[in-house]
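Subject: Structure handover

Hi there,

Here is the structure I promised to pass on to you. Please open it next to this email, and you can follow the notes residue by residue.

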Amino acid sequence: MKEKFEDASTLQNLWMPDQVSTIAPEVDSLFYFILYWVYFFLAIVVVGAIYFGWKYKSNERGTTQPLDHNNLLEITWTLFPLFLTMVVFFWGAKSYLKMNIVPYDAMEVNVKAQKWFFSFNYKEGFNSSELVVPVNRPVKLIMESQDVLHGFYVPDFRVKMDIIPNRYMVTWFEATKVGEYDILCTEYCGTAHSQMLAKVKVLNQEDYDKWLEKANVVDESIPLVELGEIIYNKNACNTCHSIDGSNMIGPSFKGIWNTTMEHTDGSKVLVDENYIYESIIEPQKKIIKGYEGVMPSYKGILRDREILGVVEYIKSLK
Ligand code: CUA
């Protein structure tokens, strides 16, 4: 955040991060147009109040003449604000249409939001926990929620769209600068809402093609434990499961391998490969005593080798 303020060359960057999408300058212009007019009217009211408070602070000057009306004043304070609101309306409507009409040549990425992470599904046939896109190319996001209302927001792009359950929500953007930007969830969606974060990585076309090629194959060369650790951090397991023994929304992974878990239905099960597999694919089947069944299923999100990696990773956390 600090660097962003340091390279801020204009006043416009005082509150907002850099403009990194084609729509961002338009959103900002309208925002600052409204903001500066608000300052103007605020100044008139405050300065006026102070001035008249001082002018009529005592009764020495006597009372004012009874006032009737002033045509010029009344027409001015009616027509001028009307004109301003109409400017804002047409300007806003134009930008709104631009933000909502997706260009024909946009590439498409499917977004799934669930408690408490985003996953990005590429048509090439794989899931990513990061949104990776090429620079200077329109990207259409087809978004769905697995459970409750979430919000997709990238401050640097000035792009924000709620993700309502039981329907597809569509938005689009075109990034103008290579870099890494934050994705936030902006609807309160439960306990770990504030940790529902992700990154959007903007790459140049060449790097994007390379990434695409690599992302689409399961890298067999990464040792399982390391793969498990990557999955643990990238797929938001760390939002709910600690690795240091502390209890979060879910039980800690530390030292649970080969122990016996007691469940809300009274059953006791040993933590082994099958138990971990079931907990990832069908997390609602057995709920550990003292916890709530809030974990989403990772069915279709994690591949077999990745699940094996998580198993090995949990084994390694003694
Ligand atoms: Cu998802 Cu807040």
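Below are my notes, moving from the sheet to the salt bridges and then to the helices near the end of the list. Please keep in mind that this is a predicted model.

**The five-stranded sheet**

Let me start with an open sheet of five strands, whose order is 4-10-9-6-7 with mixed pairing. Strand 4 (131-134) and strand 7 (159-163) stand at its edges, and each has a single partner strand, so one side of each is left without a neighbour in the sheet. On average, neighbouring strands here are turned by 20° against each other, direction ignored.

As general background, strands of a sheet pair through backbone hydrogen bonds, either parallel or antiparallel. For strand 6 (residues 150-154) and strand 7 the sense is antiparallel, and the pairing runs over five bridges. If you want a spot to look at, take G151, whose bridge partner in strand 7 is D162. The hairpin made by strand 6 and strand 7 has four residues between the strands, and R158 takes a positive phi near 60° there.

Which residues of strand 7 are on its covered face, and which are on the uncovered one? V159, M161 and I163 make up the covered face, while K160 and D162 form the uncovered one. This fits the general rule that in a regular strand the side chains alternate between the two faces of the sheet.

At the other edge, helix 4 (residues 205-215) lies across strand 4 and strand 10 (197-203). Helix 4 runs at about 135° to strand 4.

**Salt bridges**

How many salt bridges does a search of the whole structure find? The count is 13, and three of the pairs are described here.

- K98 and E26 form a salt bridge in which the closest N and O atoms are 2.8 Å apart. K98 lies in helix 3 (residues 71-100) and E26 in helix 2 (residues 24-55), so this pair ties together parts that are 72 residues apart in sequence. K98 is partly exposed, with a relative accessible area of 43%, whereas E26 is buried at 18%.
- K140 forms a salt bridge with E108, with 3.7 Å between the closest N and O atoms. Because K140 lies in strand 5 (residues 138-145) and E108 in strand 1 (residues 107-114), the pair ties together parts that are 32 residues apart in sequence. E108 counts as partly exposed, at 29% relative accessibility.
- E278 forms a salt bridge with K286, and their closest N and O atoms are 2.7 Å apart. E278 is buried, with a relative accessible area of 16%, and K286 counts as partly exposed at 27%. Salt bridges that share partners join E278, E282, K285 and K286 into one network.

**Helix 6 and H263**

E278 brings us to helix 6 (residues 273-281), where Y275, I276, E278, I280 and I281 are buried. The buried residues of this helix pack against strand 11 (260-262), strand 12 (268-270) and helix 7 (304-316). D272 caps the N-terminal end of helix 6, with a side-chain oxygen 3.3 Å from the backbone nitrogen of N274.

H263 deserves a look as well; you will find it in the loop between strand 11 and strand 12. Is H263 buried or exposed? Its relative accessible area is 0%, and since buried means under 20%, H263 is buried. The side chains of H263 and Y275 are joined by a polar contact of 2.8 Å. Not counting residues up to four places away in sequence, H263 touches V269, Y275, K286, I287, I288 and K289. Two of these names have come up already: Y275 is among the buried residues of helix 6, and K286 is the salt-bridge partner of E278.

**I231 in helix 5**

One more residue to visit is I231, whose place is in helix 5 (residues 224-234). I231 counts as buried, at 5% relative accessibility. Leaving aside neighbours within four places in sequence, I231 is in contact with A236, C237, L302, E306 and V310. For a sense of scale, I231 and L82 are 149 residues apart in sequence and 55 Å apart in space, C-alpha to C-alpha.

Happy browsing, and best wishes!

Methods:
Residues are numbered from 1 along each chain as its sequence is written. This is a predicted model: local features need pLDDT of at least 70, side-chain atom pairs count only at pLDDT 80 or more; totals for chains, interfaces and linings use all residues. Side-chain values use heavy atoms; hydrogens and water are left out. Buried means under 20% relative accessible area, exposed over 50%, partly exposed in between (1.4 Å probe, protein chains only). Helices (H or I, at least four residues) and strands (E, at least two) are DSSP runs, numbered from the N terminus. Contact means heavy atoms within 4.5 Å. A polar contact is a pair of N or O atoms within 3.5 Å; within protein, one must be able to donate a hydrogen and the other to accept it, and residues adjacent in sequence count only if both atoms are side-chain atoms. Two strands pair if DSSP finds at least two bridges between them. Axes are lines fitted to C-alpha atoms, for helices over the stretch in contact, and angles run from 0 to 180 degrees between N-to-C directions. A salt bridge is a side-chain nitrogen of Lys or Arg within 4 Å of a carboxyl oxygen of Asp or Glu.
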